[in-house]
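The following exercises concern the reading of a protein fold from its atoms. Each task is followed by a solution in steps.

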Amino acid sequence: MGKYREFIFDDMIAGYRHYMNDITKLAKEKHKRLLDEEYPTTELDYENEIENGIYLEDVTLVRNPNNKFDKNAIEVRSKNILVGYVPKSMNKKIWKRMKEASSTIEFELVYISEDKNDEFIINEDYPERVTLAIYYDYD
């Protein structure tokens with residue numbers, strides 16, 4: 001890990017509401033796995049995960065020039081399941097910055113939901129959302 005972190009993008013993804021069944025399934029599977037682990041993550045790590053949302057795994061960005069709404073579309077996927085898109089207004093700029101990055105690009109995709117069963121955080125402004133951070137570290 002470098003001394004500094006450069007964020008390329010850090011905001012909500014677009015279209016995630018169309019994929020909420022898959023997103024909540026991915027989040028609940030991870031949440032259950034964290035609870036069921038024989039040697040779970042440290043209590044602090046676990047509390048941080050729940051407090052800040054569920055970090056979805058195996059995140060990739062895939063360009064989709066065949067998208068009927070946007071020929072520059074960038075799909076956001078978790079475990080190869082489509083969960084949304086980079087916002088249309090940002091996709092060209094983000095793809096260009098990712099290609100120019102001087103280090104390995106990292107992705108963090110977080111699902112945050114209303115607290116229905118003490119599973120996730122309550123946030124009155126955005127009761128349910130999926131955020132994406134794209135960044136790289138450097139010295």
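The exercises below move from the overall fold to two helices, a cavity and three single residues.

The model is predicted, so local features need pLDDT of at least 70 and side-chain atom pairs count only at pLDDT 80 or more, while totals for chains, interfaces and linings use all residues. Residues are numbered from 1 along each chain as its sequence is written, and side-chain values use heavy atoms, with hydrogens and water left out.

**Exercise 1. Describe the overall fold.**

Step 1. Assign the secondary structure: helices (H or I, at least four residues) and strands (E, at least two) are DSSP runs, numbered from the N terminus. The protein has three helices and seven strands.

Step 2. Read these elements in sequence order; the pattern is β-α-α-β-β-β-β-α-β-β.

Step 3. Determine burial, where buried means under 20% relative accessible area, exposed over 50%, and partly exposed in between (1.4 Å probe, protein chains only). Of the 139 residues, 40% count as buried.

Step 4. Examine the contacts, defined as heavy atoms within 4.5 Å. Among contacts between residues at least 6 apart in sequence, 62% join residues at least 24 apart.

**Exercise 2. Identify which residues of H1 are buried and which are exposed on the face turned away from them.**

Step 1. Helix H1 (20–36) has 17 residues and reaches 24 Å from its first C-alpha to its last, close to the 24 Å expected at 1.5 Å a residue. The expected span is 1.5 Å times one less than the number of residues.

Step 2. The buried residues of H1 are Met20, Ile23, Leu26, Ala27, Lys30, His31 and Leu34. They lie on the same side of H1 because they cover an arc of only 135 degrees around the axis; the arc is that of the directions from the helix axis to the C-beta atoms.

Step 3. The face turned away from this buried side carries the exposed residues Asn21 and Lys25.

**Exercise 3. Repeat the analysis for H3 and state what covers its buried residues.**

Step 1. In helix H3 (residues 91–100), Asn91, Ile94, Trp95 and Met98 are buried. Their arc around the axis is only 95 degrees, which puts them on the same side of H3.

Step 2. Lys92, Lys93, Lys96 and Glu100 are exposed on the other side of H3.

Step 3. The cover over the buried residues includes S1, S3, S4, S6 and S7.

**Exercise 4. Characterise the largest cavity.**

Step 1. On a 1 Å grid over the protein atoms alone, a cavity is a set of points where a 1.4 Å probe fits but cannot get out; lining residues have an atom within 4 Å of a point. One cavity of 30 Å³ or more is counted.

Step 2. The largest cavity holds about 60 Å³ of space, a volume being the space filled by probe spheres set on the grid points, which are joined across faces, edges and corners.

Step 3. Its lining consists of Leu26, Glu29, Lys30, Arg33, Tyr55, Leu56, Glu57, Ser78 and Lys79. H1 supplies the largest share, four residues.

**Exercise 5. Describe the settings of Lys79, Asn80 and Lys3.**

Step 1. Lys79 is found in the loop between S4 and S5; this residue has a positive phi of about 50 degrees although it is not a glycine, and is partly exposed at 37% relative accessible area.

Step 2. Asn80 lies in the loop between S4 and S5, with a positive phi of about 65 degrees although it is not a glycine. Asn80 is exposed, at 59%.

Step 3. Lys3 is exposed, with a relative accessible area of 65%. Its C-alpha is separated by 6.9 Å from that of Asp137, 134 residues apart along the chain.

Notes
1 Å grid on protein atoms, 1.4 Å probe; cavity = no way out; pocket = protein on both sides within 12 Å on 5 of 7 lines; lining within 4 Å.
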